[in-house]
Amino acid sequence: MPKKTVPEAINYRRSVRIYDPEKPIDTTIVKKCLEQASLAPTSSNMQLWEFYHITSKETIEKIAPLCFNQNAAKTAQQLVVFVVRKDLWRKRAKANLAFMDKVFGKNNPKSEQRSREKVARNYYGKLIPFTYFDFLGVFGWLKYILFSIVGLFRPMYREVRNSDMRVVAHKTCGLAAQTFMLSMAAEGYDTCPMEGSDTWRVKRLLGLPFGAEINMIVSCGIRKPEGVYGERFRVPFEEVYREV
Ligand SMILES: Cc1cc2nc3c(=O)[nH]c(=O)nc-3n(C[C@H](O)[C@H](O)[C@H](O)COP(=O)(O)O)c2cc1C
């Protein structure tokens with residue numbers, strides 16, 4: 001059972017830069033928090049993410065310099081590398097279709113397909129491939145121009161270029177990372193998200209394929225009191241809140 005409620009975990013979570021070397025963390029609990037992370041909302045349920053849970057001291061020592069020797073990496077007990085796998089879109093679309101077979105039954109005659117099933121199968125069978133397929137960015141731009149023209153006359157989806165799809169995939173992965181950090185906080189464990197790293201070298205170290213992208217590296221451990229660098233600062237809430 002987690003030790004903290006959601007509001008308690010949100011307030012407890014701070015970016016911790018120095019972890020206590022005397023306080024190890026339980027790998028199975030961190031893994032459980034990653035399982036929670038995989039329940040984060042994901043664009044079109046495509047789950048274009050992977051979580052690399054680094055538990056060996058040796059690998060942490062190799063990654064810390066690639067995070068520019070930040071204390072948060074150097075003193076970490078464990079690390080999690082959140083990886084975006086936009087390149088797996090075909091596999092994930094297939095997995096969604098296979099799930100549909102399980103839910104609705106395989107090989108339903110077309111005439112018998114209920115409308116929800118039809119829409120869902122069409123979505124993963126046609127719309128997702130149309131949105132995700134690209135060739136050197138060219139097809140993405142063609143889609144963008146086409147969608148922009150149609151968009152003059154009616155509301156239209158706009159995020160179809162390669163760069164847009166990268167944002168979509170990173171957005172989703174960020175939600176998984178945040179879900180993970182809150183789950184860790186609920187357990188009384190600390191984290192620090194880091195985008196300060198040489199992502200190319202980290203990719204090479206983990207043996208990731210060309211299409212994979214590092215979203216962020218989250219260091220894990222238990223805080224030393226001086227590991228929280230000062231009071232939490234946020235601009236006044238009224239400055240960012242607009243009731244419309
Ligand atoms: C995407 C992202 C990247 C970050 N990268 C780093 C980093 O490389 N090093 C670091 O010490 N903190 C990093 N942070 C932590 C922020 O500095 C921190 O969240 C912010 O100062 C607010 O503090 P808090 O998390 O304690 O509330 C990052 C945070 C986010 C969301």
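A salt bridge is a side-chain nitrogen of Lys or Arg within 4 Å of a carboxyl oxygen of Asp or Glu. In this predicted model, E187 and K32 satisfy that condition, with their closest N and O atoms 2.7 Å apart. E187 lies in the loop between α8 and β3 (190-194), whereas K32 belongs to helix α2, so the pair ties together parts that are 155 residues apart in sequence. The partners differ in their surroundings: E187 counts as buried because its relative accessibility is 6%, while K32, at 32%, counts as partly exposed.

The helix that carries K32 also packs against another helix. Two packed helices are described by the angle between their axes and the distance between the axes. For helix α2 (residues 27-37) and helix α8 (residues 162-186), the axes come within 8 Å and cross at roughly 140°. The two helices are therefore oblique to each other, and α2 passes α8 in a right-handed crossing. On the α2 side, the contact is made by V30, C33, L34, Q36 and A37; on the α8 side, by A176, T179, F180, S183 and M184.

A second pair of helices offers another arrangement. The axes of helix α5 (residues 89-104) and α6 come within 10 Å and cross at roughly 175°. Angles over 145 degrees count as roughly antiparallel, and α5 and α6 are therefore described in that way. From α5, the residues W89, A93, N96, L97, M100, D101 and F104 take part in the contact. They meet E117, A120, R121, Y124, G125, I128, P129 and Y132 of α6.

Two of these α6 residues lead back to the subject of charge. The side chains of R121 and E117 meet in a salt bridge, with N and O 3.0 Å apart. Both residues lie in helix α6 (residues 115-132), four residues apart, which is about one turn of the helix. R121 counts as buried because its relative accessibility is 18%, and E117 counts as buried because its value is 0%. Salt bridges that share partners join D101, R114, E117 and R121 into one network. D101 and E117 are also among the residues through which α5 and α6 meet.

The structure holds 12 salt bridges in total. One of the pairs involved is D164 with R161, whose side chains meet at 3.1 Å, N to O. Both D164 and R161 are buried.

What is the situation of K203, a buried residue that has no salt bridge? The nearest side chain of opposite charge is that of E213, which is 6.9 Å away. K203 lies in helix α9 (residues 199-206). Not counting residues up to four places away in sequence, K203 touches L208, P209, F210, A212 and I214.

The final stop is strand β3, in which M194 lies. M194 counts as buried because its relative accessibility is 2%. Which residues surround M194, leaving aside its neighbours within four places in sequence? M194 is in contact with C67, Q70, A72, A73, L79, M216, I217 and S219. T55, for its part, is 139 residues from M194 along the chain, and the C-alpha atoms of these two residues are separated by 17 Å.

Key: Residues are numbered from 1 along each chain as its sequence is written. This is a predicted model: local features need pLDDT of at least 70, side-chain atom pairs count only at pLDDT 80 or more; totals for chains, interfaces and linings use all residues. Side-chain values use heavy atoms; hydrogens and water are left out. Buried means under 20% relative accessible area, exposed over 50%, partly exposed in between (1.4 Å probe, protein chains only). Lys and Arg count as positive and Asp and Glu as negative; His and the chain ends are not counted. Contact means heavy atoms within 4.5 Å. Axes are lines fitted to C-alpha atoms, for helices over the stretch in contact, and angles run from 0 to 180 degrees between N-to-C directions. Angles under 35 degrees count as roughly parallel, over 145 as roughly antiparallel, 65 to 115 as roughly perpendicular and the rest as oblique. A crossing is left-handed if the near helix is turned anticlockwise from the far one by less than a right angle, and right-handed if clockwise.
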